[in-house]
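Trainee: Before I use the terms applied to this structure, I should like to understand the reasoning behind each of them. May we go through them one by one?

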Amino acid sequence: MLKDHKKIQVFEHQTLYYGREYKGVLFKESHFQALVKLNDLHNSQYFTIVHKGIKFKQYVGVIQVDGLTLEILPKIDNNEADENVWQSVLIDMLRVTRKLKVQKVGAANVRKQHIHLLDIYFEWYLNEVQLLIRQGLIKQYYKETSNVKALKGKLEFAGHLSKNLVHKERFYTTHQVYDKDHLVHQILGLALDIVAQCSKGNYLYGKCKSVQLDFPDVQTISVTEATFSKLSKNRKTAPYETALSIARLIILNFAPNISSGTERMLALLFDMNTLWEEYVLIRLKQVQEEYGVTISGQQSKGFWNGITIRPDILIQKETTRYVIDTKWKNINGSKPSTDDLRQMYVYNDYWQSEKAMLLYPANATSFETKDFTPFNALEGNDTHHACGLGKIAVFEAGNTKLDEGIGRVLLGWFVSEMIK
């Protein structure tokens, strides 16, 4: 009988304690121990370990281990929140930043059970592999060393003598083979095996087994980060790029020996600071032509002894420049940190920008600007630049849908500042 995976949804920076139930689902000590091991493997960047519990940081996404699916969601307010709303926010941000392609999930499946983030990634992957199968899987040349009945390729004398003392009619050779059992398909096959293991108990398991039946038998291999660097890109493998990128995400985030039980762990986690930065950058680029500006991200300059500094986003209109540094946190009525303000001053100085903005997510949009005191002002230096504090509404006014127009709101404010 297939095992049904239970689910706990939690928000970033919240804490889970083992031995407690969350909406009827028990967070076990075995779950806790597996998460501790995962955190150790990643230099403690995902969680903070507290007494009998896990306190989450800014990483969001999904973890599956020991019959439990744990979904970590973003959140910017302190109000009672609907988990489904923030799950939609996360999915939309991943979609816009091209980290996720949301496939349409059948209405019957939605009625049967709540769809979570891992389901969406698995269904995306299965659909991509199905498409490749329909289009026709490619063959490639690769070298194989084995016994054959006809002499071909290079005869391996030592192996031939040891293996064929009795079977004189065989030849132990290294030769070229042209078929579908090559590295690309071996990677895809391994990812299919992981999906099958992790989807037991839900509607995707049957679909995965069906895809596996249509997929050719390939050698099982061990795949690491270095394996993907061996893949060659050419015209024949171009249709495989999406499937391989999802397979890479699945395989490299699968930890087969981290759990104390027979289950395996799969963790797909994203840094919300990075995701927010990429989301804002894309929304700005979508409307840059309307405002006659150029938007760029991640421009680095040398700072000191090999150290570089890099603002998140640079806005340029002719010779006028503005800098945006995104921060995924709820600042409420508090002030920016001294370190953040110093960083803005340096950005202005190094990029000759008039204003550097600290941009935060919020429930309502507002902007304010404060001038920096000119350096060497008493000596007559008229250098003048400022720091803006921007709060941008995440949702559209009056509903819980992610606001697609934040690029226009931001550029509208910046352009109005430029013409003052």
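Mentor: Certainly. Please bear in mind that this is a predicted model. We may begin with an open sheet of five strands, which has the order β1-β8-β7-β13-β12 and mixed pairing.

Trainee: What makes β1 and β12 edge strands?

Mentor: Each has a single partner strand, so one side of β1 (6–11) and one side of β12 (254–255) are left without a neighbour in the sheet.

Trainee: How do you know that β1 is paired with β8?

Mentor: Two strands pair if at least two bridges are found between them. Six bridges join β1 to β8 (residues 68–73), and the two strands run parallel; therefore they count as paired. Gln9 stands opposite Glu71 in β8, and Phe11 has Leu73 as its bridge partner.

Trainee: What joins β7 to β8, and in which direction do they run?

Mentor: Five bridges join β7 (residues 59–65) to β8, and these strands run antiparallel. One of the bridge partners in β8 is Thr69, which faces Gln64. The hairpin of β7 and β8 has two residues between the strands, and Asp66 takes a positive phi near 45° there.

Trainee: Why is β8 called largely enclosed?

Mentor: Six of the six residues of β8 are buried, so the strand is largely enclosed by the rest of the structure. In a regular strand the side chains alternate between the two faces of the sheet. In β8 both faces are covered: Leu68, Leu70 and Ile72 are buried on one side, and Thr69, Glu71 and Leu73 are buried on the other.

Trainee: There is also an open sheet of three strands. Which of its strands are at the edges?

Mentor: That sheet has the order β2-β6-β5 with antiparallel pairing. Its edge strands are β2 (15–17) and β5 (47–50), each of which pairs on one side only. The twist from one strand to the next averages 20°. Four bridges join β5 to β6 (residues 53–56), and Phe47 has Phe56 as its bridge partner in β6. Helix α1 (residues 29–41) packs on the sheet, touching β5 and β6, and its direction makes about 130° with that of β5.

Trainee: Why is the link between Glu123 and Lys207 called a salt bridge?

Mentor: The term requires a side-chain nitrogen of Lys or Arg within 4 Å of a carboxyl oxygen of Asp or Glu. For Glu123 and Lys207 the distance from N to O is 4.0 Å, so the pair is counted as a salt bridge. Glu123 lies in helix α4 (residues 117–135) and Lys207 in helix α7 (residues 204–214), so the pair ties together parts that are 84 residues apart in sequence. A search of the whole structure finds 13 salt bridges.

Trainee: Why is Glu123 called buried, while Lys207 is not?

Mentor: Buried means under 20% relative accessible area. Glu123 has 8% and is therefore buried, whereas Lys207, at 23%, counts as partly exposed.

Trainee: What makes the pair of Glu290 and Arg408 a link between distant parts of the chain?

Mentor: Their side chains meet in a salt bridge of 2.8 Å, N to O. Glu290 is in helix α11 (residues 288–291) and Arg408 in helix α13 (residues 406–418), 118 residues apart. Arg408 has a relative accessible area of 41% and is partly exposed.

Trainee: How are Asp339 and Arg342 placed with respect to each other?

Mentor: They are three residues apart in helix α12 (residues 338–351), so about one helical turn separates them. Their side chains meet in a salt bridge (3.6 Å, N to O). Asp339 and Arg342 are both exposed.

Trainee: Finally, how do the helices α2 and α4 meet?

Mentor: The axes of α2 (residues 83–96) and α4 come within 11 Å and cross at roughly 30°, in a right-handed crossing. Gln87, Leu90, Ile91 and Leu94 in α2 meet Leu117, Ile120 and Tyr121 in α4. By class, this contact has six nonpolar, one polar and no charged residues.

Terms used:
Residues are numbered from 1 along each chain as its sequence is written. This is a predicted model: local features need pLDDT of at least 70, side-chain atom pairs count only at pLDDT 80 or more; totals for chains, interfaces and linings use all residues. Side-chain values use heavy atoms; hydrogens and water are left out. Buried means under 20% relative accessible area, exposed over 50%, partly exposed in between (1.4 Å probe, protein chains only). Axes are lines fitted to C-alpha atoms, for helices over the stretch in contact, and angles run from 0 to 180 degrees between N-to-C directions. A crossing is left-handed if the near helix is turned anticlockwise from the far one by less than a right angle, and right-handed if clockwise. Contact means heavy atoms within 4.5 Å. Ala, Val, Leu, Ile, Met, Phe, Trp, Tyr, Cys and Pro count as nonpolar, Asp, Glu, Lys and Arg as charged, and the others, Gly among them, as polar.
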